[in-house]
Each structure stands twice: as structure tokens, then as C-alpha cells.
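Welcome, and thanks for taking a look at this one. Please open the sequence and the model side by side before reading on.

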Amino acid sequence: MIYAENRLSVTFPAEYKQFLDDYGFLIYGGMAIKGLKHEAVNSDSMFNIVWMTETERVEGLPINYLILEESGMGEWYVLDVDSERVELIDGASYEIVDELEESYNSFSDYFYKMVNEEDEINS
């Protein structure tokens, strides 16, 4: 995890570090939250947060954003390492989409809402 943080020049928020320790990454129903699988930071997998974030940074993604998940609508859920918030951004402009229900105060708020939504869909 330290290598990933160094490579991205960020410090992961504590809640996201716990997610990485507990899961690595998560595919559940229609959701796929990016992370690290067994510290494989060099993997060019669409589930690898380092690879996805570096790929988008080349296109202009701000350095404080980490790509967490695709929305399926041309948007990304990103973790802002400065504020520790999760925001929905436009995948082309990297601007925050102005939808209050798609903004989360923390990674755990985002994580639990997404898992609960998937639980409702799958039950």
C-alpha cells in the first residue's frame, strides 16, 4: 500500500486503507470499486486504482483524485484525498457533477450506500 501511495504521490485516507486491507478491491453486483490486489500496483487491470488513476491523470485528472468506480454514465466516482470526500465527476471534463445525492462525506458513507443499493437490487 505504501508503494501505491508513493507512486501516486498521495496518502490514502484511513477508511480507504481499511477497505484495501479488508477487501483489496470489490466487485459486487453491478459495482466494482477499484483497489489493490495483493499489492499488484503494476497491474494494468481496470480494477487497479493505481493504473486507473495514472491513466486518467495523463488525460487531466487532478492529482488529488483517485478513481474509485465508473458510474456507467460517462462519469467517475473519485476519492478526493485532500477532503476525504467521494464525488461524482464528469469523465471528460473532470468537473464535479452537481448532484447532491452523489456526493459523500467519506469513503465509508459512499461504500455503505453503494453496497446497500446493490443489496436492494439483488434481493
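What follows is a short tour of a pocket, an aromatic cluster, a helix and a few loop residues. Please keep in mind that this is a predicted model. The largest pocket has a volume of about 160 Å³, and 13 aromatic pairs are counted.

**The largest pocket**

- Ten residues are named in the lining if you read along the chain: Gly30, Met31, Glu69, Glu70, Ser71, Tyr77, Met114, Glu117, Glu118 and Ile121.
- Helix α4 (107-122) and strand β3 (65-70) each contribute at least two residues to this lining.
- The biggest share comes from α4, with four residues.
- In terms of chemistry, the lining holds four charged, four nonpolar and two polar residues.
- Tyr77 is one of the lining residues, and you will meet Tyr77 again among the aromatic rings.

**Aromatic rings**

- There are 13 aromatic pairs in the model. In one of them, the ring centres of Tyr77 and Tyr110 are 5.4 Å apart with the planes at 45 degrees, so this pair counts as tilted.
- That pair connects distant parts of the chain, as Tyr77 sits in strand β4 and Tyr110 in helix α4, 33 residues apart.
- Tyr110 is buried, because its relative accessibility is 0%. Tyr77 is also buried, with a relative accessible area of 7%.
- Phe107 and Phe111 make a stacked pair, with 6.0 Å from centre to centre and 25 degrees between the planes.
- These two phenylalanines are four residues apart in helix α4, so about one helical turn separates Phe107 from Phe111.
- As general background, an α-helix has 3.6 residues a turn, so residues three or four places apart point the same way.
- Phe107 and Phe111 are both buried.
- Ring pairs join a cluster made up of Phe12, Tyr16, Phe19, Tyr23, Tyr77, Tyr104, Phe107, Tyr110, Phe111 and Tyr112.

**Helix α3 and its ends**

- Which residues of helix α3 (residues 49-58) are buried? They are Ile49, Val50, Met52, Thr53, Glu56 and Arg57.
- The cover over these buried residues includes α1 (2-8), α2, β3 and β4 (75-80).
- At the N-terminal end of α3, Asn48 acts as a cap, with a side-chain oxygen 2.7 Å from the backbone nitrogen of Val50.
- Just beyond α3, Gly60 adopts a positive phi of about 120 degrees.

**Asn64 between α3 and β3**

- Asn64 is in the loop that runs between α3 and β3.
- Is Asn64 buried or exposed? Asn64 is buried, because its relative accessible area is 17% and the cut-off for buried is under 20%.
- The side chains of Asn64 and Asp80 share a polar contact of 3.0 Å.
- Setting aside residues up to four places away in sequence, Asn64 touches Leu79, Asp80, Val81 and Asp82.

**Positive phi outside glycine**

- Glu84 is not a glycine, yet Glu84 has a positive phi of about 65 degrees.
- The loop between β4 and β5 (86-90) holds Glu84, and this residue counts as partly exposed at 41% relative accessibility.
- Tyr94, also not a glycine, has a positive phi of about 65 degrees.
- Tyr94 belongs to the loop between β5 and α4, where Tyr94 is buried at 8% relative accessibility.

**Helix α2 and the loop after it**

- Gln18 lies in helix α2 (residues 14-22) and is partly exposed, with a relative accessible area of 42%.
- Gln18 and Ser108 are 90 residues apart along the chain, while their C-alpha atoms are separated by 9.8 Å.
- Gly24 is in the loop between α2 and β1 (26-28), and at 8% relative accessibility Gly24 counts as buried.
- Apart from neighbours within four places in sequence, Gly24 is in contact with Phe19, Gly35 and Leu36. Phe19 is also a member of the aromatic cluster.
- From C-alpha to C-alpha, Gly24 and Asn48 are 9.3 Å apart, with their positions 24 residues apart in sequence. Asn48 is the residue that caps α3.

Methods. Residues are numbered from 1 along each chain as its sequence is written. This is a predicted model: local features need pLDDT of at least 70, side-chain atom pairs count only at pLDDT 80 or more; totals for chains, interfaces and linings use all residues. Side-chain values use heavy atoms; hydrogens and water are left out. On a 1 Å grid over the protein atoms alone, a cavity is a set of points where a 1.4 Å probe fits but cannot get out, and a pocket is an open set with protein on both sides within 12 Å along at least five of seven lines; lining residues have an atom within 4 Å of a point. Grid points are joined across faces, edges and corners, and a volume is the space filled by probe spheres set on the points. Ala, Val, Leu, Ile, Met, Phe, Trp, Tyr, Cys and Pro count as nonpolar, Asp, Glu, Lys and Arg as charged, and the others, Gly among them, as polar. Buried means under 20% relative accessible area, exposed over 50%, partly exposed in between (1.4 Å probe, protein chains only). Contact means heavy atoms within 4.5 Å. A polar contact is a pair of N or O atoms within 3.5 Å; within protein, one must be able to donate a hydrogen and the other to accept it, and residues adjacent in sequence count only if both atoms are side-chain atoms. Rings of Phe, Tyr and Trp (its six-membered ring) pair if their centres lie within 6.5 Å; planes under 30 degrees apart count as stacked, over 60 as edge-to-face and the rest as tilted.
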